[in-house]
Amino acid sequence: MEIDRAVRESVDRRLQTKYQNAVYVIQRAFSLYEFEQVAFSFNGGKDSTVLLHLLRAGYYLHQGKSECSNQHLSDNALKCPIRTIYFESPCAFPEINSFTYETARDYDLQLETIHSDFKSGLEALLKKKPTKAIFLGTRIGDPNAVGQEQFSPSSIGWPPFMRVNPILDWSYRDVWAFLLTSKVKYCSLYDQGYTSIGSIYDTVPNALLSVADSPSMKENFKPAYMLADGRLERAGRNKKLVLKDDNASLNNGVASIPLNGSFRASIIIVGDEILFGITEDMLSGTLCKKLHGIGWQTTRVAVVQNEIDSVAEEVEGRKATNDMVFLFGGFGPMNSDVSLAGVAKAFGVRLAPDEEFEEYLRHLIGQHCIGDRNEMALLPEGITELLHHKKLPLPLIKCQNVVILSATNICELETQWECLLELPSVPLVQSTPFTSKYLSTTLSDVEIAQTISKLCLEFSDIYMGCHRKSRVTPSIISFVGKDKSRLELAAQRLSSSFPDGSFYEHRCD
């Protein structure tokens, strides 16, 4: 069988693994359901074209070599005459329609064309011909892929059938590696710069493939398989603009107006070593100072165990009540590195392979990263944004309003913080910074407590607190706020409430 032979003779180990896993899913489906009870949804696009030829390979292997010994292959074993559903739309590209019908004819697909919407057409079709499973070319990153597995029952409100997704974990690169290795035909639009095809009204060639300095007046494009960053395959789809309120701030990635004039942030440190007393947290204090320096209020610093549920519970509680959440630790290849899994659980999504992040890892750690599956490249599905900066060897990871920092020391944190401030996609809005003033006194806590309590009511915009380095050293009174004149006034009021010389200026390093 030419597909199976081409992939197995390829030097692309990743493609071979993806192929083997997909064919296994297909063979399992053919074992679970009778051939007459399954169908294939084909739309002429690259993903469903890949799935068609995987079905042919899977069907061939499922039939067994006994039927196909001595190279005498039956047409059925080679072509897989599966019942095929095509939802034809008046908004489809003519090239898509032509390719679909030509492909159905070439491979003896039992094509059933439906002219209504997907749900209504499917209901009518399944009433006429009972179907237990439908093969779909869904991939992670598709709008409807969130929450799906390789075998996923249809959603509530839909006719009951099993969705079979053999290429769910395939990337854009994997799709084109298979098509080019197998040397099968695909729709001609992909050679004209289209990387993701929708309707004639919302799809244009991907501008990233535009050929500069074209000698003719007509704009030319490189073929789709030359797109370097697979995450941008849908860049040719027109998107509706979302209007933003200039007065709004972030809350879970959604605009909201801060109530107290300050943006709020929480810091989560994942580390059993800190909880065991093996090491100390050196990063959260520095980050608090950085946040205060741009006018942000730190509402909570928490250290949690290296457990998925512990991380998920803390992230879930903080992301809804803070503009940003910063997370340290638990990111890496060890079994205790569960931060990303915890973030995914907090958002109710699963971890999925990210081709771009995997490529960064390969360049960073070389051959140690090569394998069938890189666990470090599994990121929360559908909510992850990679934050690129020329100073960063590896992009930072942002999941809505949660930023995972990979810093392990203050120097690395300084660099990552500078990058975050320069990145337009990270809404670290800089406002009036917090400032501080300190007074020191030898008076006891009991003597000053009542006066400070009254001042806290009068100066509600100022934080006032007291600490001492030991029981025998003077108390240090802290005044923290954004209005320096108000800090001076509050400090003056405290000093004037006691005999002269009771308080004096103190400098905190």
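A salt bridge here is a side-chain nitrogen of Lys or Arg within 4 Å of a carboxyl oxygen of Asp or Glu. Please keep in mind that this is a predicted model.

With that cut-off, take lysine 129 and glutamate 112. Their closest N and O atoms are 3.1 Å apart, and the two form a salt bridge. Where do lysine 129 and glutamate 112 lie? Lysine 129 is in the loop between α6 (118–128) and β4 (133–135), and glutamate 112 is in strand β3 (residues 110–114), so this pair ties together parts that are 17 residues apart in sequence. As for accessibility, lysine 129 is partly exposed, at a relative accessible area of 36%. Glutamate 112, in contrast, is buried, at 12%.

How many salt bridges does the structure hold? The count is 22. In general terms, side chains of opposite charge can pair when their charged atoms come close. I will go through two further pairs and then one network.

The next pair is aspartate 169 and lysine 18, whose side chains meet in a salt bridge with an N to O distance of 3.6 Å. Aspartate 169 sits in the loop between β6 (162–164) and α7, while lysine 18 sits in helix α2 (residues 13–32), so here the parts tied together are 151 residues apart in sequence. Are these two residues buried or exposed? Aspartate 169 counts as partly exposed, with 25% relative accessibility. Lysine 18 is buried, with a relative accessible area of 9%.

The other pair lies within one helix. Aspartate 4 and arginine 8 form a salt bridge through their side chains, at 2.9 Å from N to O. Both belong to helix α1 (residues 2–8), and because they are 4 residues apart, about one helical turn separates them. Aspartate 4 has 11% relative accessibility and counts as buried. Arginine 8 has 46% and counts as partly exposed.

Now the network: Lys46, Asp47, Arg139 and Glu233 are joined into one by salt bridges that share partners.

Lys46 and Asp47 bring us to helix packing, since both are among the α3 residues in the contact with α7. Helix α3 spans residues 46–63 and helix α7 residues 172–182; they pack at an angle of about 55°, and their axes are 10 Å apart. The two helices are therefore oblique to each other. Their crossing is left-handed. On the α3 side, the contact is made by Lys46, Asp47, Thr49, Val50, His53 and Leu54; on the α7 side, by Tyr172, Val175, Trp176, Phe178 and Leu179. By class, these residues divide into 7 nonpolar, 2 polar and 2 charged.

Helix α3 also packs with α2, at an angle of about 60° and with the axes 9 Å apart. This crossing is right-handed. Which residues meet there? From α2 they are Tyr19, Ala22, Val23, Ile26, Gln27, Phe30 and Ser31, and from α3 they are Leu51, Leu54, Leu55, Ala57, Gly58, Tyr59, Leu61 and His62. The contact of α2 with α3 has 11 nonpolar residues, 4 polar ones and no charged ones. Leu54 of α3 appears in this contact and in the contact with α7.

One last residue, serine 284. Serine 284 lies in helix α9 (residues 284–293). It counts as buried, at 8% relative accessibility. Leaving aside residues up to four places away in sequence, serine 284 touches Ile267, Ile269 and Val301.

How values were computed:
Residues are numbered from 1 along each chain as its sequence is written. This is a predicted model: local features need pLDDT of at least 70, side-chain atom pairs count only at pLDDT 80 or more; totals for chains, interfaces and linings use all residues. Side-chain values use heavy atoms; hydrogens and water are left out. Axes are lines fitted to C-alpha atoms, for helices over the stretch in contact, and angles run from 0 to 180 degrees between N-to-C directions. Angles under 35 degrees count as roughly parallel, over 145 as roughly antiparallel, 65 to 115 as roughly perpendicular and the rest as oblique. A crossing is left-handed if the near helix is turned anticlockwise from the far one by less than a right angle, and right-handed if clockwise. Contact means heavy atoms within 4.5 Å. Ala, Val, Leu, Ile, Met, Phe, Trp, Tyr, Cys and Pro count as nonpolar, Asp, Glu, Lys and Arg as charged, and the others, Gly among them, as polar. Buried means under 20% relative accessible area, exposed over 50%, partly exposed in between (1.4 Å probe, protein chains only).
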